[in-house]
Amino acid sequence: MLNKIQQKLLLKYPLLWNTRIVPVVLVSLIVHLLVFITGYAMGGVDFNSGRNKYLDDEIMGAVVFVSTIVALLILIAWLVFYFRNNRTKSFYPLGKNDLYKEWLIIAVICLLNCSYFLSYVTGINTHLKSYMSREEFEHDTEIIAISEIFTGEDNYDDRYYDTVVTIGEDVTYFGKKYSYYSLIHRGIQSFPHYSYKRDSIINRRVKLWFHENREDSVLNVMQEMEKIVKDHGMTMSVTPQEWLKLTYNSPEFIRFSYIDQRDKYAPLYGYENDYNNRYNNFGRYDYSENPIVAENIKTVKEGDSLLISDGPDSTYVNLLINDVKYENGLPYVYPKKYVPHQKLRDAYEKISSAYNYENAYWIAWGAIAFFAVTLASLIFSFRVTSVSSWVIALISLAILAIISTITMILITEVLSVHDNYTGVVYFGFWALLEVVMLINVTTVGAGSKKIKAIMLNASLWLLPWLLPCIIMIAYLSERIMVNYWEERKIDDFLNHNIVTVWGVCLIVYIVLMYLVTRSIKKWRGIAEG
């Protein structure tokens with residue numbers, strides 16, 4: 001079937017046949033689909049495990065490595081067939097826009113083969129967002145964040161307090177003094193997609209509930225929390241009414257019972273619910289050093305507490321609020337009163353990452369797109385010029401890049417010139433060089449064709465970065481002329497519209513390539529098809 005398609009393309013669409021676009025795109029799309037399915041499978045959330053990670057470092061590294069190898073193999077195989085028949089160098093008659101179309105085809109193929117990893121991330125994000133609508137997600141995370149104030153360890157809200165706070169001193173909210181250790185002075189724990197402004201708004205709203213004794217609002221949060229817990233097949237050992245009675249004591253909010261955020265945990269080495277996930281000093285999982293074995297565990301009851309020790313580490317467990325049970329000779333703590341905040345937060349933070357990194361996701365697409373079109377320009381320039389001119393251009397640009405970079409570093413460090421000034425000169429140099437080469441290669445006239453071929457290669461490679469260089473010049477110039485405490489409009493615009501800027505740069509580059517390819521055809525003197 002594929003051979004028949006290729007035969008038909010040869011007779012009716014020789015450009016598509018010559019670039020071998022059908023087989024390479026078909027293979028690339030199959031790889032994208034497989035990578036997407038892998039990402040979708042990895043995007044699942046286990047609400048009962050408490051060990052959900054957005055992008056696992058080891059798996060991510062493996063996906064990047066394998067996708068890179070696959071991309072290289074596909075590109076190499078495609079290039080072998082693609083370079084077999086070069087009608088450009090054979091002065092085969094071409095249509096008016098055939099060179100431009102050929103470059104576009106190369107760019108599409110390069111983009112498909114440079115973006116496998118993003119299909120993996122897309123699969124993860126698609127699965128994570130499928131668990132609930134954005135509205136449901138926003139509602140649930142807010143309920144989880146607010147209800148955490150009534151469970152777990154102290155999380156005092158010094159970040160949002162109006163004045164400097166001394167630990168232990170009274171704090172004032174809405175004109176009334178409260179104890180530093182009261183519930184009103186606790187703050188929410190933010191989710192990754194929350195802004196500082198949103199944190200502040202939620203914190204102020206909850207504090208107003210306390211100040212105005214809005215017990216009904218607090219009870220509603222606890223009832224909503226119970227719904228979330230049940231929706232995910234989890235349990236909590238207190239009803240909303242019991243939870244409210246144990247923790248909400250107006251008007252001072254000092255007396256409250258401890259409600260744990262875990263239903264089970266290993267008392268030695270922290271927060272995990274088994275002994276296979278101990279942390280070393282670097283915060284990473286350590287499965288090998290100093291393994292805990294049942295023979296080393298010693299327990300001593302001291303009043304209402306139980307001392308548990310394995311030698312290097314020990315901890316006290318309050319038996320009034322916890323039960324201790326043994327599994328395979330190892331002690332586990334089961335809190336009598338708990339709401340599974342820790343597992344829910346872990347799961348929702350993974351889902352939150354799919355929304356929190358949306359901007360970074362599109363920035364990554366922009367960066368890969370620019371890398372892909374630069375690679376396409378490398379292949380295309382090799383197609384339309386000679387091997388010798390291509391190699392000379394590559395070596396010349398590499399030497400120039402090394403010399404200019406070292407020079408800028410020396411000027412900055414030795415002469416103590418601010419890097420904003422050297423940055424303007426650096427990007428200005430490359431932008432000016434590209435403009436001069438473009439004018440030269442697009443001007444049909446007298447001159448060495450070999451020199452023009454070298455400049456054509458270099459200008460095609462630098463062309464994608466012409467507009468970004470100009471933007472960087474404007475950005476750095478503003479930083480020179482405008483003080484940091486004053487409004488910097490370009491800086492602010494780039495911070496809020498970087499994805500749009502990537503898109504505009506890409507569109508401008510595609511338009512410029514249309515003009516450049518028309519000039520290449522004239523410069524090479526290729527006959528009209």
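Q: Which residue of β4 is the bridge partner of Thr 299?
A: In this predicted model, Thr 299 has Ile 308 of β4 as its bridge partner.

Q: What makes β3 and β4 a pair of strands?
A: Strands count as paired when DSSP finds at least two bridges between them. β3 and strand β4 (residues 305-309) have five bridges and run in the antiparallel sense, so the requirement of at least two bridges is met.

Q: Why are β3 and β5 called edge strands?
A: The sheet is open, with three strands in the order β3-β4-β5 and antiparallel pairing. β3 (298-302) and β5 (314-318) each pair on one side only, and that makes them the edges. From one strand to the next, the twist averages 20°.

Q: How do you know that β6 and β7 pair, and in which sense?
A: Six bridges join strand β6 (residues 322-327) to strand β7 (residues 330-335), in the antiparallel sense. At least two are needed for a pair, so β6 and β7 qualify with six. One of the bridges puts Val 324 opposite its partner in β7, Val 333.

Q: What lies between β6 and β7 in the hairpin?
A: Two residues separate the strands of this hairpin, and Asn 328 in the turn has a positive phi of about 55°.

Q: What makes the phi of Asn 213 worth a remark?
A: Most residues other than glycine have a negative phi. Asn 213 is not a glycine, yet its phi is positive, about 55°. Asn 213 sits in the loop between α8 (196-211) and α9 (215-231).

Q: Which peptide bond is cis, and what is its omega?
A: The bond joining Ser 250 and Pro 251 is cis, with omega about 5°. Most peptide bonds are trans. Pro 251 belongs to the loop between α10 (240-247) and β3.

Q: Why is α3 called oblique to α6?
A: The axes of helix α3 (residues 21-42) and helix α6 (residues 116-129) come within 7 Å and cross at roughly 40°. Angles under 35 degrees would count as roughly parallel, and 65 to 115 as roughly perpendicular. The crossing angle falls in neither range, so α3 is oblique to α6. The crossing is right-handed.

Q: Which residues of α3 and α6 meet?
A: Among those of α3 are Val 31, Val 35, Phe 36 and Met 42, while α6 brings residues including Tyr 116, Tyr 120, Ile 124 and His 127. By class, this contact holds eight nonpolar, nine polar and no charged residues.

Q: Why are α13 and α15 called oblique to each other?
A: Helix α13 (residues 387-414) packs on α15 at an angle of about 55°, and the axes are 8 Å apart. Roughly parallel ends at 35 degrees and roughly perpendicular begins at 65; an angle of about 55° is therefore oblique. α13 and α15 cross in the right-handed sense.

Q: How do the residues in the contact of α13 with α15 divide by class?
A: Ten are nonpolar, two are polar and none is charged. Trp 390, Ile 392 and Leu 397 are among the residues from α13, and Ile 454, Trp 461 and Leu 462 are among those from α15.

Q: What makes α14 roughly antiparallel to α16?
A: The axes of helix α14 (residues 419-442) and α16 come within 9 Å and cross at roughly 150°. Angles over 145 degrees count as roughly antiparallel, so the term applies to α14 and α16. This crossing is left-handed.

Q: How do the residues in the contact of α14 with α16 divide by class?
A: The contact has 13 nonpolar, four polar and two charged residues. Its members include Phe 427, Trp 430 and Glu 434 of α14, together with Met 472, Leu 476 and Arg 479 of α16.

Q: How many aromatic pairs are there?
A: The count comes to 25 aromatic pairs.

Q: Why is the pair of Phe 370 and Trp 465 called tilted?
A: The ring centres of Phe 370 and Trp 465 are 5.2 Å apart, with 45° between the planes. Rings pair when their centres lie within 6.5 Å, and planes under 30 degrees apart would be stacked, over 60 edge-to-face. An angle of 45° is neither, so the pair is tilted.

Q: Where in the chain are Phe 370 and Trp 465?
A: Phe 370 is in helix α12 (residues 358-384), and Trp 465 is in the loop between α15 (449-462) and α16 (466-481). The two are 95 residues apart, so the pair links distant parts of the chain.

Methods: Residues are numbered from 1 along each chain as its sequence is written. This is a predicted model: local features need pLDDT of at least 70, side-chain atom pairs count only at pLDDT 80 or more; totals for chains, interfaces and linings use all residues. Side-chain values use heavy atoms; hydrogens and water are left out. Axes are lines fitted to C-alpha atoms, for helices over the stretch in contact, and angles run from 0 to 180 degrees between N-to-C directions. Helices (H or I, at least four residues) and strands (E, at least two) are DSSP runs, numbered from the N terminus. A crossing is left-handed if the near helix is turned anticlockwise from the far one by less than a right angle, and right-handed if clockwise. Contact means heavy atoms within 4.5 Å. Ala, Val, Leu, Ile, Met, Phe, Trp, Tyr, Cys and Pro count as nonpolar, Asp, Glu, Lys and Arg as charged, and the others, Gly among them, as polar. Rings of Phe, Tyr and Trp (its six-membered ring) pair if their centres lie within 6.5 Å; planes under 30 degrees apart count as stacked, over 60 as edge-to-face and the rest as tilted.
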